[in-house]
Structures are given as C-alpha cells and as structure tokens.
Amino acid sequence: MGHRGLQSESVSDRLFKAQLAKILLALPFLIILAIFFRYQVLHTSEYSLHSEENRLRRIEMPPPRGLIKDRNGMVVAENIPSYSIELYPQPVDSMRLALKRLSVLLDLDENEQDQLIQKFRHRRQSPLRAATDINEKILAVVEEHRSEFPGIFIRSDMKRSYVYGEILAHVLGYVGEITEGEMKKERYSNYTMGTLIGRSGIEAQYESLLHGERGIKFTEVDARGRELGPFRDRPPVLPRQGKDIQLTIDIRLQQAMNKLMEEVDIGSMVAMDPNSGEILAMVSKPSFDPNLLSSGISGDEWQKLLFHPNKPFLNRTIQGTYPPGSTFKPFTAMVGAELGIFRKDGSGLETVCRGGLQYGKRFFKCWKPGGHGRMGYFQAIVQSCDTYFYQLGIKIGLEKFCQYGRESGFFAITGIDLPNEVAGLIPDENWYNRYYGPGNWGPGNVLNLSIGQGEISLSPLELAGIYAYIATDGKRFRPHLLLQDINNCHLPDLSFSPENIELLRQPLTGVVNDPQGTARASKLWGQTLLMAGKTGTAQNPHGEDHGLFVGFYPANSPEIVAAVVVEHGVHGSTTAPLIRDLMLAYIGLKEGGKKQEIAGLSSKQISSGIQ
Amino acid sequence: MAVVLILTTAGLMMIYSADQIQTIRLSGAIYYRKQLLWLLIALTSFFLISAVNTRALEASAYLFYAIMIILLVYLKATASGVERWLTIPGTRINLQPAELSKIATILALASYLSSRKKRIDTLKALILPIMIVMVPAGLVLLQPDLGTSIIFFFILCGMLYWAGVPLIYLFLLISPIISFFLALVTLLGHMRLPLWGLFFVFLCIMIFYNRIYLMDAVIFTLVNLFTGVLTSPLWNSLKPYQQNRILVFFQPERDPQGSGWHIIQSKVAIGSGGLFGKGYLEGTQKNLAFLPAQHTDFIFSLIGEEFGFLGVAFILILFLFLIHRIVELSRISSTSFASLTAFGIASLFFGHIIVNVGMTVGVMPITGLPLPLISYGGSFLLTCYIAFGILQRIYIERSGV
C-alpha cells in the first residue's frame, strides 16, 4: 500500500468512504427517478393531454357566403378563390428581413413594411398577411422560388365576386372583412377573423341569411405555429354555406336600364311591379365597382370614392329625396276628388290659365308663360297646368293637404329591404312654425305644395310607390328585392276611394298619348298598349332643375311602374324618353322576340362590366 | 466499458431521433453524422490516453492545468461576448477549452491533494485546493457559463471528500450557497417561513457541536451571515433577464411563452411519455419542435417522451452503475493520485447527470449542461472519452487486490 499522502488511511476506512460515497451519490438518482415516476406514471394523463393540445390547433373556417341570383336564377354575386401571402410567426428581425425580400415582388415600400411589422408586433402568435388577393403572375413566381422566401405560405380564401360589377352595385352593396370591434358584438359571436360581412345593400340587409355557419378544423402545428396537416383523431366540422337568395331584379332589365342611364351623370331610376311591390331594376348614378371593395381597396382609392362630390355610394333611388314637382299633381287631384271638389266625371273645377295666379301679394307663375287658356281636370293634368293646381290647392287648403299627405304614408319610408332608406318630407303648420317661425309664412305655401314644389320631397322609390298605388287603383305593396310570397308584402289600404284614383288613369295616359301631352314625344310608337305617366321638374335652387318622369305600362292594366330622376336634367319631358325606352326594353324581354337582341347587348355589357 | 458503449449508442440513437423532425428545419445541420465523426476522434483519444502512464499524467498535471488556464484567459481576453469556442488552426474543428479544463483541474487537484502529507481539516489548508478549482471555475463563469462552473464545484466537493476532508467542512463549504439560495427564497416570499434564519441557526449549532477551530467557525459564520444579508442588494444588482431566469426556475408558469417555455415543454414531453413512451422516433413534442435544444440540453426529455419511464430508469440505472464502477475503481486504484483522479471524474459525471436530468424536470436551473455520452457536442464527448482513457489506464495499473 504505497499510498502517499493518504497513508494514514486504512483499507477499511477507504471501503467505508467508498460505500458512503456510493450511497450519497445514489440518493439524488433515486430522488430524480422518483420525480420521473411522478410525472410519467402518476400524472401522465394530464401531460399527455397537454402534449396533445400543444400540437392541436383549432382553426375556424369562415363559411362560404350564399349566392345571390336574379329573379330568373342568374347568379349575380358569387365566391371565387383569392390568394394571399402570409408569413409564419418568427422573431421580429427575421420577419423584417423576410418582408424586405418580398417587397420587390409585392411592391411594398418602407412605410408599408413598417406598418406590417407594427401589425405583427400586436399579434405575435399569428401569421402575418403580407399581401391579399395577389395576381396569378406573382403567385407563380412565389411558388417557383418558395425556398428563397423562408417562412412564407400561400393561403387561399374565397372572395366575393360581383358578376355585373357597377351595374348592380347599389342593390347588392359590397362586403368587407369583419373588424375586431365588430367581432366583440353579440350579433357576430359566431363569426371568425377574416370573415366577410355585408357592408351595404342586400349583402348587409340579408347578412344573417347569407353568412352561413363557420366550420372548425383541427390541424397539427409545430412550435412555430406552422400547420402540418389535419389532425388524425379529430374530424373537422365543415362550414355550412350561407343560403342562396333570389332577388326580384331581372338582370336583363337592370342591364337595359343601366345602358339607358349611361348618359346620365347623376340620377337614378327604379322599376317595380305595382301588383306585387317587386323591384325589377334599380340604378343609381354615379355607381362604383363593388369588386374593388371586396378585394381590398387601397386607402387612397377608398377615400377618393368616399369623398367624391357626386357621392357614388349614395343609392339615390332610396336615399336621394327631391321635390316631386308636377309628378305630384295626381296626388293633389286625388285629394281634391276625395274632398268632393270633382264630380265622378272630373268636372267641378274649371279655370282659365293666363300664365299664373295672383294670390295675396305674390304672383304664382305657371310654367307656360303664355298660359294654357281654359283648363279642366283632364287637360290640366295632360298639360300640367300649374294655375289649375294652384286653384285646386287653395280649395283644398294647407291643413287638409298636409293631413292627406301625412296620412297616406307616401312620405314615410317604403320599408324596402335595403339598409338606410331615407324618408321624404311633407311639411305642415307645425313644421312651418318651427322652420320659419310663427307668422313668417302664409297659407300661400299650399300653392307651391300642390304642384309638388317647395319643402315637399320624395325619393324616386317613394314616388314610384305613389304611381303603383294609382296604377292598381289603390293596391299597396311594400317594395322589396328579395323574391318572396307577396302576401307578406301587402300594406293596409288607404282612405282614397277607387273611383277617385281611377279618375287619374285617363289624363295620365293623355300625358304621353294626347297631342297636347307634355310627354307626347315619348309615345310608344307601334304599340297597341299605351304607357301612362307624368312629367315633373324639381326646382333646384343650387343649379339646373332636376327632371323627373314616372310612368306605368300598360296604362289600363299596369305591370310595371318606373320612376326616373335626372339631376340637372332641366325638365321632365327630356327624361320621359328614358322611361319610354325602359318600357320598350321591358316589352322586348317579355315578348322574347327581341329577347335575343337584348341578350346580345347584355353579354357585351357583362364583359365590359367585369373589367 | 460496456456501459460506456451502451450509453454512447443510446446517445447516438437519440441524436438521430432528434434529427428527425417533421417540421421545416431552418438550419440544415444533421447532428447525428457530426456526432459520429466526433466519436471517431473521441475513441482515438481514448486509446491514446489509455496508453499514457499515470505517473506521466501526474507529472504533467500542473503543466496541462497551466495551459488550460492560459487558454481560458486568452479566450476571455480576445473573444468578445459569449464566444466559448477555440478553432484548431487549419481544421474546422471547434473546441471548447472549458470542457477540457475540467479534466485538467481534476488532474491538478489530484496531484496537489495526493502530495499533501497531512490530513486537511482546517480552512487554511483548504485554501489552496479551493483556489486550484476556483480559478478555472471563475474564468468559465465569466464566459459566462454557469453550468460548467457548477460542475467545478461538484469536482471540488467530491475530491475533497475523497481526500478525507471531514464532512462538516464540506457542509460548511457549501453552506454559503445554501444560505444564498434560502435567503433568496425568503426574500422572494415564495414560502412564509424565514428559511434562511432557520438554516443559520442550524449552521451555528453544527459549528458548535462539531468543535470546529474557532477561527474557521467565526469565518464560516460571518460568510453565511454576509451572504444572507447581502442577497437582497445582490439580487437587485442582477440584470432583469438574470432575475427572470431565477424566478422562472421557481415558477415556470410565470412566463409560459418565454423563459418558462423550455421547462414546461420539457415536462410535457416527459409526462406525456408515460410508462412505455411514445416509441422511438415518435415523440410528438420533439417532432413538432416544441422541445427546445433537443439534441443537447433536453435530450433526456426526448428519452422520456419516446421511451417513457422505463427508458428513463434504464438510462439512469446505467449511469448510476457507471458511477459506482468509477468509485469502485478509485477505491482499488494503486496510487492516491489515481484514486483521486478517478473520484474526480466520478464527481464530474455525477454533476453533469444530476444537473442535466434535474433540469429537464425543473428541479435544477436551466444551465445548458450536456448529458455525458448522450448529448450532442463534440468537445464534451471528447472530454468524456479522455476521462475514460484515464480511467482505463488507472484500471490497468490497479493494485491487484
């Protein structure tokens, strides 16, 4: 035992030391083994669950939106695939680098890159969307050079596509991605991030029908949140597509109407079936391209549209209100008949028009400077004599006039199934008192109101509603765009007696067909059936007067009522041909002989509309 | 030796498994192949070293030690930041001097302790051996590599014990660390009890009962008192990320996405392995890259996940057996230098195993210490095989009892 240094130590000492060391060294091993036993045997189930959850990601799938079709089943709004480029969550620095690499391809400037980085900082756990709705060329380049863009992946979504573009923009509205603020609302509790939501028009009105039900899929993910594929043990819950809805719109008539309105800068036209309230076509000018909005419009372009002086987003058929001008005279005539001013044959009030009427201190001019001469009920409407209606207005009186106006409900919203309809206005004494102050206005106001001027205003749809009422001798239907049982759309009758309404048919037919009629130039040549209607001019203190025309066809048993307003269109007689041409288009579609012709015209418009 | 080979094979298997990730790999390195290459180098060194006489080792121990110290200082002086690598000129082989310095320190300490005639039972006599270990440990700590410096502490305690230093002295030597630890726990208020106070009272009783030299007793008492009192300012002087590391050690749930992530994911991997494991190459935590550093620090979690408790127990028993064999070897070795060296190597392995495995279940702080023979890492594998080479030589020269 030649041990140096440890000589004092005996062999048994050393053995004891070694045994003690072995025990001391084994002890921690046993403790650790016990810990492992605890984790792996006693608590294994909870850790297994955790491990499962670790790699399991619940991904909510937004449902495809329901399709929108026209009354004949033509699809007007559909879903098409769109591709976006996203980047997996990664450290901010490498994210910045990845964006820089992508910037050449996606045309992102420094500012946009910074904005994206800021966005990513807020949501570090979820992928960052670098570009939405990329075109096929970029898609191909990215696919080809995938390895050069680490952490990139291409996501395919559905985007909304509006087949007819601008043509049906105001009816359909458009969609946009749901915002985080909206997601918090109870109403949208089952919506997922990135879901499209109706922002206006039918898309907004029937959001609950069109949306459908989201699906859920379970995918395996790695620690960086990259999806690796479906999770074997958990089948996905497939999303349920929203309901398809069918509109009352006839897209062919809509196209024809749009074509007619091409010349009009600002204005609107609406056509409906007076026997059901079904809207057949509805155009507002200027329009916008809803496809631009559904595929992510740039902030600048959005601002430009939003603040455009001609307000392209305004659906003027329901949101633009105008003094109805002479188109309102039939209402005045109806009130007169109700008050017994006219006999059953229309006689009872006659006047001589010498170009106006002196009432109190003011001279109320007729639109015809020389005057109409001797006027009765029939000719006063046919020639739209103001003097005659001033007289009638005086006889009716402001109070009665306004009372009938209010009670008819013609000035209240029609209840059409579109959001944000604007009501018209019928003033009364209280209104004048509030507006001008008591004593600052006189009973002479009724003269203006009776020819549809002054403070009175109606939207084109409300105006069409009045004529639908007249055309059907007093039937009332709520105007609507969703094709449905018309029994749901019946509105209660008004107090006007059918004979008094019927009295208007002859003069209104005369407006178009009488040699003296203000719209005689718009007579349907060669048609055995006649169109009836009424011209109107809305005085516009800010510029040229607005031209109006409301017509229905056929005059004796009307199937279609249409109203048009052309802002700065000067006079109703210049706008009447628009309605005439619409009626011709309608007749053509109905008779089918001209169907092809119109269809041919339509297909050209479809292709131009899509671009 | 068989045990060594089984463990090495197990290590290679697990590194191979760790290579098999389903997810997209960012770095393309295949560790398994690299480790095989390292094993070749390591085995060569094993045979070379085992041919070297222990007397020659003893003679060159201080020289080797000095070279390592110079290397560490050189590295500290030249490298900026956390560079720990030394590239052998002309090759692409990177060495970590810190790993090899463990062996150098063991040899130097063994050489010093075996040359001492008298029994070491005073603090004064302990100063030099402590210094031998503290110099490299301090340099490594500055790198900064907390894990490796902890290993030096294991080596110191183990070899002092084997050299016959009374247990009470070893206890006193560790006591400032325990003091610090308990004071921290008390400070952070994780437990209601003033643990540090209790420990201090216990320490005083121990000192009194064991009749330590008065001078030593006073010094130890004061040192403990100081650490206890100074913990608070020391804690406040730590950088927030350092504080955070310590806090997360106590409560991984504090920061499940950040610092606590490793521990939680490691526990999940181990726990979900169950009794039998998910099967080789089937670990989902690993496959999906939830496990951090699965080739190195957390390779044991991977064993736990894929082979379950049985696999864990198997590996741990092998390790325990290995350590027992080394302790046995140090008992029967012919010279006290050889004996001390063997025991130092046993301490080295023991420290690595306990700290690494303890870390995977959250009972030890995350330090980045590799698991001997199993973790990926060339320098450490080389160190291990050099150690085995020395052990093999000691075995050859053993006194034929």
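Me: Why are α4(B) and α5(B) called roughly antiparallel to each other?

Reply: Look at the axes of helix α4 (residues 97-115) and helix α5 (residues 123-142) of chain B: they come within 9 Å and cross at roughly 175°. Axes here are lines fitted to C-alpha atoms, for helices over the stretch in contact, with angles from 0 to 180 degrees between N-to-C directions. Angles under 35 degrees count as roughly parallel, over 145 as roughly antiparallel, 65 to 115 as roughly perpendicular, and the rest as oblique. The pair is therefore roughly antiparallel. Helices are DSSP runs (H or I, at least four residues; strands are E, at least two), numbered from the N terminus.

This is a predicted model, so local features need pLDDT of at least 70 and side-chain atom pairs pLDDT 80 or more, while totals for chains, interfaces and linings use all residues. Residues are numbered from 1 along each chain as its sequence is written, and chains are lettered from A and ligands numbered from 1 in the order in which they are written.

Me: What makes B:His324 partly exposed?

Reply: Buried takes 20 or more other C-beta atoms (placed from the backbone) within 10 Å of a residue's own, exposed is 12 or fewer, and partly exposed is in between. B:His324 has 17 such neighbours, so it counts as partly exposed. This histidine sits in helix α13 (residues 299-332) of chain B.

Me: How do you know that helix α10 of chain A is largely enclosed by the rest of the structure?

Reply: Nine of the ten residues in α10 (residues 251-260) are buried, so that wording fits. Among them are A:Ile251, A:Arg252, A:Met257 and A:Leu260.

Me: Why is the largest nonpolar core placed between domain 1 and domain 2 of chain A?

Reply: A nonpolar core is a set of buried Ala, Val, Leu, Ile, Met, Phe, Trp, Tyr and Cys residues joined through C-beta atoms within 7 Å. The largest one has 111 residues, with A:Ala464, A:Tyr467, A:Ala562 and A:Leu582 having the most contacts inside it. Helix α20 (residues 460-471) of chain A gives the most, with nine residues. Domain 1 (58-246) and domain 2 (251-286 + 318-610) both give residues, so the core lies between them; the bounds come from an automatic or database domain assignment.

Me: Which residues does A:Ala464 contact, leaving aside its neighbours within four places in sequence?

Reply: They include A:Val270, A:Met272 and A:Ala562. Contact means C-beta atoms, placed from the backbone, within 7 Å.

Technical notes. Contact = placed C-beta atoms within 7 Å.
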